[in-house]
Amino acid sequence: TTSKGCFDAGHLVVATDANAARRLLPDFNLPEPRWKSTVCLQYAADRPPFRRPIIALKGDRLGAINNVCVSSNLASCNASRGKALVCVSVLGSPESGPSLEAKVQADLLDWFGEDARQWQLLRMEAIPRALPVSTPGNPVETGCQQSGPRFLCGDHTTSGSIEGAIISGLRVANAIITSA
């Protein structure tokens, strides 16, 4: 630490979203980010529809729902006592409201049966910048950008996903380790 509250470091890792990365690292010449949007619906359920900490995907791509996860399977504090928190993602920017809720409810009944009819909708939220758009051949998609001791990581450097963010972080960590 220096006297002005600054820190000296051998490496600087910037792990942030694409918009902030462009502001913080203008000399990296990052492309203007494009975003995928989603609508997230959160439900309180008496019991989780599955117990594993996974993201369930609908393989046939029919219906409104893209994926379902039970957030309280990861951490019970994510739900009220005795309840499960079920999170549903719908891709794109569909009009939020009763018609979307009805489509999702029909899908949930198909996926999980009559138990889903009892779930209480807690919140429906549009997320316009849910994930960065990944385009094949994008030069950023290396998972690790470096300029001197500065490194950039995030899902916008690989593929727009949690997995992409993790892969990017691992690549930056390995680059720092091998440069030492």
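Trainee: Which element gives the most to the nonpolar patch?
Mentor: Helices (H or I, at least four residues) and strands (E, at least two) are DSSP runs, numbered from the N terminus. Two of these elements, β3 (55–57) and α4 (162–179), each supply at least two residues of the patch. With 3 residues, the top contributor is α4.

Trainee: This is a predicted model, I see, so what pLDDT do side-chain atom pairs need to count?
Mentor: Residues are numbered from 1 along each chain as its sequence is written, and side-chain values use heavy atoms, with hydrogens and water left out. In this predicted model, totals for chains, interfaces and linings use all residues, local features need pLDDT of at least 70, and side-chain atom pairs count only at pLDDT 80 or more.

Trainee: Back to the patch: how much accessible area do its residues have together?
Mentor: Patches are made of residues with over 30% relative accessible area and no salt bridge; like charges are joined within 9 Å, nonpolar side chains (Val, Leu, Ile, Met, Phe, Trp, Tyr) within 5 Å. Areas come from the Shrake-Rupley method with a 1.4 Å probe, and for residues only the protein chains shown count as cover. Here the members are I55, L57, I162, I166 and L170, which together have about 550 Å².

Trainee: Is L170 buried or exposed?
Mentor: Good one to check, as L170 lies in helix α4. Buried means under 20% relative accessible area, exposed over 50%, and partly exposed in between (1.4 Å probe, protein chains only). L170 has 51% relative accessibility, so the label is exposed.

Trainee: In the sheet of 3 strands, which are the edge strands?
Mentor: Two strands pair if DSSP finds at least two bridges between them. The strands of this open sheet follow the order β1-β8-β7, with mixed pairing. Pairing on one side only marks the edge strands, β1 (12–15) and β7 (145–147).

Trainee: What angle does α4 make with β8?
Mentor: Axes are lines fitted to C-alpha atoms, for helices over the stretch in contact, and angles run from 0 to 180 degrees between N-to-C directions. β7 and β8 (residues 150–153) run antiparallel, joined by 3 bridges. Helix α4 packs on this sheet, touching β1 and β8 (contact means heavy atoms within 4.5 Å), and its direction makes with that of β8 an angle of about 160°.

Trainee: And which strands stand at the edges of the sheet of 5 strands?
Mentor: This open sheet is antiparallel and has the order β3-β4-β5-β2-β6. A strand with a single partner has one side left without a neighbour in the sheet, so the edges are β3 and β6 (120–132).

Trainee: Which residue stands opposite C40?
Mentor: Strand β2 (residues 35–45) and β6 pair in the antiparallel sense over 9 bridges. Opposite C40, in β6, is E125.

Trainee: How far apart in sequence are the parts tied by the salt bridge of E32 and R22?
Mentor: A salt bridge is a side-chain nitrogen of Lys or Arg within 4 Å of a carboxyl oxygen of Asp or Glu. The side chains of E32 and R22 meet that rule at 3.1 Å, N to O. E32 lies in the loop between α1 (18–24) and β2, and R22 in helix α1, so the sequence separation is 10 residues.

Trainee: How many residues separate R47 and D115?
Mentor: Their side chains meet in a salt bridge at 3.2 Å, N to O. The pair links distant parts of the chain, with R47 in the loop between β2 and β3 and D115 in the loop between α3 (98–112) and β6, and they are apart by 68 residues.
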